[in-house]
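Biologist: I want to see how each label is earned. Shall we take them one at a time?

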Amino acid sequence: MHNRGKLVVLSIFAVAIAMASFALWWNWGLGHRSLDYWGDDGSLLIRDAESVLLVKLKQRIPSLNAKDPHFPMDSKDLNSTEKVDISNVKGLVHARHVFLEDASYAWNERLSRWDEWQYAVRFEGKKGHIWVLLDLQNEVAGSSRQYGALRLNPKTAAGWRQFVGRYFTEDSTKSMSAPS
């Protein structure tokens, strides 16, 4: 009888280890490609940044390239463009999360070059900042630290159109708004 109790405890412990291992594997599979694209520091900034700024770009930002990955917005005066501090707005947790989830992108359509950015989201924390660039009309996202861009899936793009539409209500944004 005494050995049975030990066997039950060991069985429960083994099942718990198996379930924890499965959960780790499952969660890694949900976002490992996104984490590779954004990088460790960039992913942490997207997830945890204290300051989040949404910017409507007035001019096209040149595509990043392998020789000069500097993002021009870092040297521009942001007073000349429309911007909104969205650090504490409702829905930001979910808006951040979609950038870190593999299901948000069409991975078979990774783009080597893009220069039609309409919006930029600056995630800034104690360890620096990262810009997430968005072209919601063509459903594309990119990073200020990474060469190339990613095709957003339609549901993710629609969600960001709706999110951006709360802050920028010009005709161009209205025409891109998510369907009701």
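Modeller: Start with E124, which counts as partly exposed at 33% relative accessibility. Buried means under 20% relative accessible area, exposed means over 50%, and partly exposed lies in between (1.4 Å probe, protein chains only). This is a predicted model, where local features need pLDDT of at least 70, side-chain atom pairs count only at pLDDT 80 or more, and totals for chains, interfaces and linings use all residues. Residues are numbered from 1 along each chain as its sequence is written, and side-chain values use heavy atoms, with hydrogens and water left out.

Biologist: What makes E124 and R122 a salt bridge?

Modeller: A salt bridge needs a side-chain nitrogen of Lys or Arg within 4 Å of a carboxyl oxygen of Asp or Glu. The side chains of E124 and R122 meet at 3.3 Å, N to O, so the pair qualifies.

Biologist: Why is R122 called buried?

Modeller: Because R122 has 16% relative accessibility, and the limit is under 20%.

Biologist: How many salt bridges does the structure hold?

Modeller: Three. In another one, the side chains of R47 and D48 meet at 2.7 Å, N to O. D48 has a relative accessible area of 40%, so D48 is partly exposed.

Biologist: What makes E139 and R161 a salt bridge?

Modeller: Their closest N and O atoms are 2.9 Å apart, so the pair is within the 4 Å limit. E139 lies in the loop between β4 and β5 (140-143) and R161 in helix α4, so the pair ties together parts that are 22 residues apart in sequence. Both E139 and R161 are buried.

Biologist: Why is K126 called exposed?

Modeller: Because its relative accessible area is 80%, and exposed means over 50%. K126 lies in the loop between β3 and β4.

Biologist: What makes α4 a helix?

Modeller: Helices (H or I, at least four residues) and strands (E, at least two) are DSSP runs, numbered from the N terminus. α4 has 12 residues, so it passes the minimum of four. α4 reaches 16 Å from its first C-alpha to its last, close to the 16 Å expected at 1.5 Å a residue. The expected span is 1.5 Å times one less than the number of residues.

Biologist: How do you know that T156 is buried?

Modeller: T156 has a relative accessible area of 9%, so it falls under 20%. T156 is found in α4 (residues 154-165). Leaving out residues up to four places away in sequence, T156 touches V98 and S104. Contact means heavy atoms within 4.5 Å.
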